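Good morning. Please look at the sequence and the model on the screen, and follow along as I go from one part to the next.

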Amino acid sequence: MIQLGKMTTKHVAQVIDLKVLPAQQKFVGAMIDILALSNAQVRPYIVYEQEVIVGFFLLDTVFNQTHDFAENKDLGLRKFFIDQAHQGKGFASQALRCLDEHLEEEYPRFKRLFLTVNCLNTVAKACYEKAGFEDTQTLYEGGPSGPQHIMVKALCPEKG
Ligand SMILES: CC(C)(COP(=O)(O)OP(=O)(O)OC[C@H]1O[C@@H](n2cnc3c(N)ncnc32)[C@H](O)[C@@H]1OP(=O)(O)O)[C@@H](O)C(=O)NCCC(=O)NCCS
């Protein structure tokens, strides 16, 4: 069963070894650079099954400071990936389902979850759509590897 957890220093050795396929590297960048983004406001998470770390993502609580389409109550999902050895097993879908519950409990002040996904990354876009994200039909041009779709999901529609 897939679970999510906050990444701590004890996970660094396993996390640094996570990899995506060479053709996917342009979509998330190098692990060392991803970890450099994390801080108290841009929080690293692990996706694990049993004791094995199979994926990673960042939750950006100040996403609106670097993405002008977002507002104060918008959370950002960034650098989401599943290790190449564990892709295609449904882990991303399961992780995104777990994330919904986690956000409800741990991030109640946020009303929407945003992400951007490279226009060439059709696999990830399909995965996000299956997980309930909607394409806003607008593009973000600030990514390092070309235009990205901006996708969003309401966390709790009744919140003001
Ligand atoms: C995108 C990614 C997270 C999907 O992870 P995954 O665990 O392999 O995905 P799942 O097995 O849960 O599959 C979920 C959906 O993704 C899509 N998908 C996954 N692998 C696919 C493939 N090889 N071809 C086509 N679609 C695929 C399908 O829509 C699938 O749903 P389905 O099983 O109902 O058909 C993974 O490919 C990845 O880490 N890619 C590299 C990093 C990346 O691009 N991250 C996104 C940054 S925005």
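Start with strand E7, residues 148-154, and its partner E6: the two run antiparallel and are joined by four bridges. One position to look for is Glu134, which stands opposite Val152 in E7. Keep in mind that this is a predicted model.

Now the sheet these two belong to. It is open and has seven strands, in the order E1-E2-E3-E4-E5-E7-E6, with mixed pairing. Which strands are at the edges? They are strand E1, residues 2-6, and strand E6, residues 134-140, and each of them pairs on one side only. From one strand to the next, the twist averages 30°.

Let us go to the E1 end of that order. E1 and E2 run antiparallel, with five bridges joining them. Ile2 stands opposite Glu49 in E2. E2 itself covers residues 42-49, and Glu49 lies in it. In sequence, Glu49 and Ile2 are 47 residues apart, while in space their C-alpha atoms are 4.8 Å apart. Leaving out residues up to four places away in sequence, Glu49 touches Met1, Ile2 and Phe91. Is Glu49 buried, exposed or partly exposed? Its relative accessibility is 25%, and buried would require under 20%, so Glu49 counts as partly exposed.

On to the next pair. E2 pairs with strand E3, residues 52-60, in the antiparallel sense, over eight bridges. The hairpin of E2 and E3 has two residues between the strands, and Gln50 there takes a positive phi near 55°. Further along, Tyr45 stands opposite Phe57 in E3.

Those last two residues bring us to the aromatic rings. Tyr45 and Phe57 form one aromatic cluster together with Phe80, Tyr128 and Phe133. How many aromatic pairs does the structure hold? There are ten. A pair of aromatic rings is described by the distance of the centres and the angle of the planes. Take Phe63 and Phe69: their centres are 5.9 Å apart and their planes are at 70°, which makes the pair edge-to-face. Phe63 is buried, with a relative accessible area of 1%. Phe69, at 22% relative accessibility, counts as partly exposed. There is also a charge placed over a ring: Arg109 lies over the face of Phe110, at 4.3 Å from the ring centre.

Tyr128, from the cluster, takes us to a helix. Helix H6 covers residues 122-130, and its buried residues include Ala124, Lys125, Cys127 and Tyr128. Why do we say that these four sit on the same side of H6? Because they cover an arc of only 160° around the axis. The other side of H6 has exposed residues: Thr122, Val123 and Lys130.

What do the buried residues of H6 pack against? The list is strand E4 (74-82), helix H5 (91-106), strand E5 (112-118), E6 and E7. That brings back the two strands we began with, E6 and E7, which are joined by four bridges. One last residue: H6 is followed by Gly132, which has a positive phi, near 100°.

That is the end of my part.

How values were computed: Residues numbered from 1 in each chain as written. Predicted model: local features only at pLDDT ≥ 70, side-chain atom pairs only at ≥ 80, totals over all residues. Heavy atoms only, no water. Pairing = 2+ DSSP bridges. Axes fitted to C-alpha atoms, helices over the stretch in contact; angles between N-to-C directions. Buried < 20%, exposed > 50% of the residue type's maximum accessible area, 1.4 Å probe, protein only. Arc of directions from axis to C-beta. Contact = heavy atoms within 4.5 Å. Phe/Tyr/Trp six-rings, centres within 6.5 Å; stacked < 30°, edge-to-face > 60°. Lys NZ or Arg CZ within 6 Å of the ring centre and 35° of its normal.
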